[in-house]
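Biologist: Please choose a single part of this model for a close look, and explain how it is placed relative to the rest of the chain.

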Amino acid sequence: LALRPGATPASILDDARRFLSSLRFDGMVTVLVGILERETGHLEYCNAGHEPPLLLKAGSGTCASLSTGQPALVGLDLGPYR
């Protein structure tokens with residue numbers, strides 16, 4: 001799913017949720033999907049029920065907690081991911 005042209009973290013999670021739901025999976029799945037542009041340091045991510053990701057800032061050694069995200073990938077269907 002991640003290798004499709006134009007894939008975003010949100011679209012990857014939306015597609016994964018549809019696939020897992022079609023399997024009638026009885027459980028809960030949490031995941032964080034991120035795309036890092038190494039040249040610019042830009043990180044685009046989508047968090048589905050996983051613990052909040054931590055961002056280690058190069059140089060300063062400080063750590064920041066990123067947004068907690070949205071519901072788990074399987075278990076709750078509350079609309080598309082952002």
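**Helix H1 and its surroundings**

Modeller: Among the contacts in the protein chain (heavy atoms within 4.5 Å) between residues at least 6 apart in sequence, 36% join residues at least 24 apart. The model is a predicted one, in which local features need pLDDT of at least 70 and side-chain atom pairs count only at pLDDT 80 or more, whereas totals for chains, interfaces and linings use all residues. Residues are numbered from 1 along each chain as its sequence is written, and side-chain values use heavy atoms, with hydrogens and water left out.

The protein chain holds 1 helix and 4 strands (DSSP runs numbered from the N terminus, with H or I over at least four residues for a helix and E over at least two for a strand), and their order along the sequence is α-β-β-β-β. Helix H1, the part I have chosen, covers 9–22. Its 14 residues reach 20 Å from the first C-alpha to the last, close to the 20 Å expected at 1.5 Å a residue, where the expected span is 1.5 Å times one less than the number of residues.

Buried residues (under 20% relative accessible area, against over 50% for exposed and in between for partly exposed, with a 1.4 Å probe and protein chains only) make up 26% of the 82 residues in the chain. Within H1, the buried residues are Pro9, Ala10, Ile12, Leu13, Asp14, Asp15, Ala16, Arg17 and Leu20, and the buried residues of this helix pack against strands E1 (31–37) and E2. Arg17 of H1 deserves a separate comment, because its relative accessibility of 7% makes it count as buried. Its C-alpha is 9.3 Å from that of Val29, a residue 12 places apart from Arg17 in sequence.

The largest nonpolar core (buried Ala, Val, Leu, Ile, Met, Phe, Trp, Tyr and Cys residues joined through side-chain atoms within 4.5 Å) has 7 residues, namely Ala7, Ala10, Ile12, Leu13, Val33, Cys46 and Ala48. H1 and strand E2 (42–48) each supply at least two residues of this core, and H1 gives the most, with 3 residues. Val33, another member of the core, touches Pro9, Ile12 and Leu13 as well as Glu44, Tyr45 and Cys46, when residues up to four places away in sequence are not counted. Beyond the helix, H1 is followed by Arg24, whose phi is positive, near 55°.
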